[in-house]
Every structure is written in C-alpha cells, then in structure tokens.
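Reader: Could you zoom in on one loop residue for me and then work outwards from there? I'd like to know where it sits and what surrounds that part of the fold.

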Amino acid sequence: MTPLLSARQLGRRLAGKVIVSNIDISLKPGQVLGLLGPNGAGKSTTLNMLAGVLTPDTGSVRIKTHDLYQAPLTAKRHIGYAPDTPPLYPAMTVDAYLCFCAKLRGLKQDKVHAAVARIKQACHLQTHSGCVLKRLSLGFRQRVNIAQALLHEPDVMLLDEPINALDPEQTELTLQLLQQCAQQRALILSSHRLAELEALCTDVMVLQHGRIQGQQSLTCGARQWRLRTRQALDRLTPGCVPGLTSCTLESPECALLSVTGAFAPDALAAWVRQQDLALMTLEPVTVSLADWYRQITHNTH
C-alpha cells in the first residue's frame, strides 16, 4: 500500500543552528502518529515542513504520489493543517470563516454550505454559527481550527497541540472525532497530554534537540523486554537483532531492552545461543507511554 505521507531525511537550520535533522516518517491509512518532546524539540517545525509552510534545507515529502515541494498546490489539496495558534480572523463569525476557508480550498459554490454544515456537526459547533470568533473561548477557537483543517476531507491531517486548550468534555469529543477521521486517513498530532495520545495513536515518536530519540508502535505489544542469562551480557548491543533499540544493564547478567515492532523474541533467543550464553528468562515488561517517554528524554539530556 502506497503511504499517504512519506518524509525522508527532513532537516532545517536557522542562523547556522540545527533545528530539525534526519526526520523520516511514513504513514498509511489508519495510522495516527503522536509527536512527543519537550518545548523546543522541533515538533512544530517538523509539522510546518510536512504542511509545506516551511521549506526544509534537506529532505523530501510526498503526499500520496505528489512531491510537496515540486507540486505544492496538488499535494496540499490532500493536507489538512491545524497549527498551534488557530489561524482565525477575529471579526468573522464561525459560519463566515468556514465558508471563506471552503472557498480557499476550492470547493464549488453549491458545495460550500453543505460542507460547512457537515463539519459544524462533526465538531459540535452548530450552536455557535453566528458567534464572532474573537468572543469564543480558547477551546471553541480550537474546535474551529480543527474544523477548517477537516473541511475539505483531506487524506493527511497535521494537528499541532489540538487538545491542549480543551476541557475534559471537549477533549473526549475531539478524540472521538479524530478516531473517526483516522479510519481512512493518516494523522500526525503533537501534544504533551500523554494519556490522550496513548488512547488515540497507533505510533509515537519522541523528538529532542531536533532529532528522533525514540519511536514506537502502540499496537505491537510490549515496548520493553527483560533478558537474563547465566553469563555477562557485555556483547549485547542495539541492533544485534532487528528491532532492538537500546540495552540497559541492570546487572552483568540482566538487561532491560527497548524494542520496536520489528523485534522478535525468537531472534534474540537465537542470538543468545550463538553467543554461547545460557538463556534464563526473556519476558515482556509492562511500561506506560509516560514512563517510556521519561526514560527516552532522561537518557538524552
């Protein structure tokens, strides 16, 4: 299946300083990627490059079969982008703004009002049609932001902190909406709210200092395993088997392993035998997304 979004070796510098470096992303329909990382990690810059707002210094982006930088207008027809600061005109009403966005997106005049009505219902904005945007709460302005990104039914959704300003009820409604959207689309969203990301995302990626520090599937089972042998594990290194990304020795004969979806326990057991080590135990370790994130960011300070 052709990815809906494919980014290769994205990089961006500012005044000689590396902001983002060597970002690779590939997403198919139904995949939801959560971008994690501390403030200044490069999440918004990455989303801006994927949306075509910023041109990378290195790398490429394809949306379906279209190169984002060689055929930007064609590629952007398939992208819905909701930046962290909603791009609203404060004096407009909700209806006027969404109609304006629909026309910018190239919807035909006879399709505009039906599209606006559909997206208002999906984003629970029906009762705010005539409200002036500057008088809306931050949470409702964020709903309008998501609505404009979904209005043209894009194949790829890019959302920068879409739930951070929402109250619990609004958060639940928005997560339900995004879950419905993700069934036939590819989504990328950044957030600091790990519990919500764990409930919504199929995959997560941790950025720090502009680089990928860790990535993980949330649908492949355990993210960590514990290996015990009779002899010292001093030859165990990341990459000695597919999917093994880090090894932390808890004792000379015991290691905590971080793995990706490519990891196969049988392959590691075979490697242990090849090293003439006596395998004692190899068992999955239950770890929350929050704990995994803390381990990744703590190890890269």
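Author: Lys 64 sits in the loop between β4 and β5 (66-67); helices (H or I, at least four residues) and strands (E, at least two) are DSSP runs, numbered from the N terminus. This is a predicted model, where local features need pLDDT of at least 70, side-chain atom pairs count only at pLDDT 80 or more, and totals for chains, interfaces and linings use all residues. Residues are numbered from 1 along each chain as its sequence is written, and side-chain values use heavy atoms, with hydrogens and water left out.

What catches the eye at Lys 64 is its phi, near 55°, a positive value in a residue other than glycine. Most residues other than glycine have a negative phi. With a relative accessible area of 33%, Lys 64 counts as partly exposed; buried means under 20%, exposed over 50%, and partly exposed is in between, using a 1.4 Å probe and protein chains only. Glu 153 is another non-glycine with a positive phi, about 50°, and its place is the loop between α5 and β7.

Now step back from Lys 64 into β4 (residues 58-63), which runs antiparallel to β1 (residues 5-14) and is joined to it by five bridges. Two strands count as paired if DSSP finds at least two bridges between them. Ala 7 has Val 61 in β4 as its bridge partner. β1 also runs antiparallel to β2 (residues 17-27), this time with seven bridges, and Leu 10 faces Ile 23 of β2 across that pairing. The two strands make a hairpin with two residues between them, and Ala 15 in the turn has a positive phi of about 55°.

Before β4 in the sequence comes helix α1 (residues 43-51), where eight of the nine residues are buried, so the helix is largely enclosed by the rest of the structure. Lys 43, Thr 45, Thr 46, Leu 47 and Asn 48 are among the buried ones. Gly 52, just after α1, takes a positive phi of about 85°.

Further out, there's an open sheet of six strands, ordered β6-β7-β8-β3-β9-β10 with mixed pairing. Its edges are β6 (79-82) and β10 (211-217), each of which has a single partner strand, so one side of each lacks a neighbour in the sheet. From one strand to the next, the twist averages 15°.

Look inside that sheet at β8 (residues 186-190). Five of its five residues are buried, so β8 is largely enclosed by the rest of the structure. In a regular strand the side chains alternate between the two faces of the sheet. Here both faces are covered, with Ala 186, Ile 188 and Ser 190 buried on one side and Leu 187 and Leu 189 buried on the other. β8 pairs in the parallel sense with β3 (residues 32-36) over four bridges, one of them putting Leu 33 with Ile 188. β7 also pairs with β8 in the parallel sense, over five bridges, and there Asp 160 has Ser 190 as its bridge partner. Over by the β10 edge, β9 (residues 203-208) pairs with β10 in the antiparallel sense over six bridges; Val 204 stands opposite Gln 216 there.

Helix α5 (residues 138-150) lies across β6 and β7 (156-160), at about 165° to β6; axes are lines fitted to C-alpha atoms, for helices over the stretch in contact, and angles run from 0 to 180 degrees between N-to-C directions. The axis of α5 comes within 11 Å of that of α6 (residues 168-181), and the two cross at roughly 10°. That makes α5 roughly parallel to α6, on a scale where under 35 degrees is roughly parallel, over 145 roughly antiparallel, 65 to 115 roughly perpendicular and the rest oblique. Contact means heavy atoms within 4.5 Å, and by that rule Gly 139, Phe 140, Arg 143, Ile 146 and Leu 150 in α5 meet Gln 170, Leu 173, Thr 174, Leu 177 and Cys 181 in α6. The residues of this contact divide into six nonpolar, three polar and one charged; Ala, Val, Leu, Ile, Met, Phe, Trp, Tyr, Cys and Pro count as nonpolar, Asp, Glu, Lys and Arg as charged, and the others, Gly among them, as polar.

As for the whole protein, there are nine helices and 14 strands, and 48% of the 301 residues count as buried.
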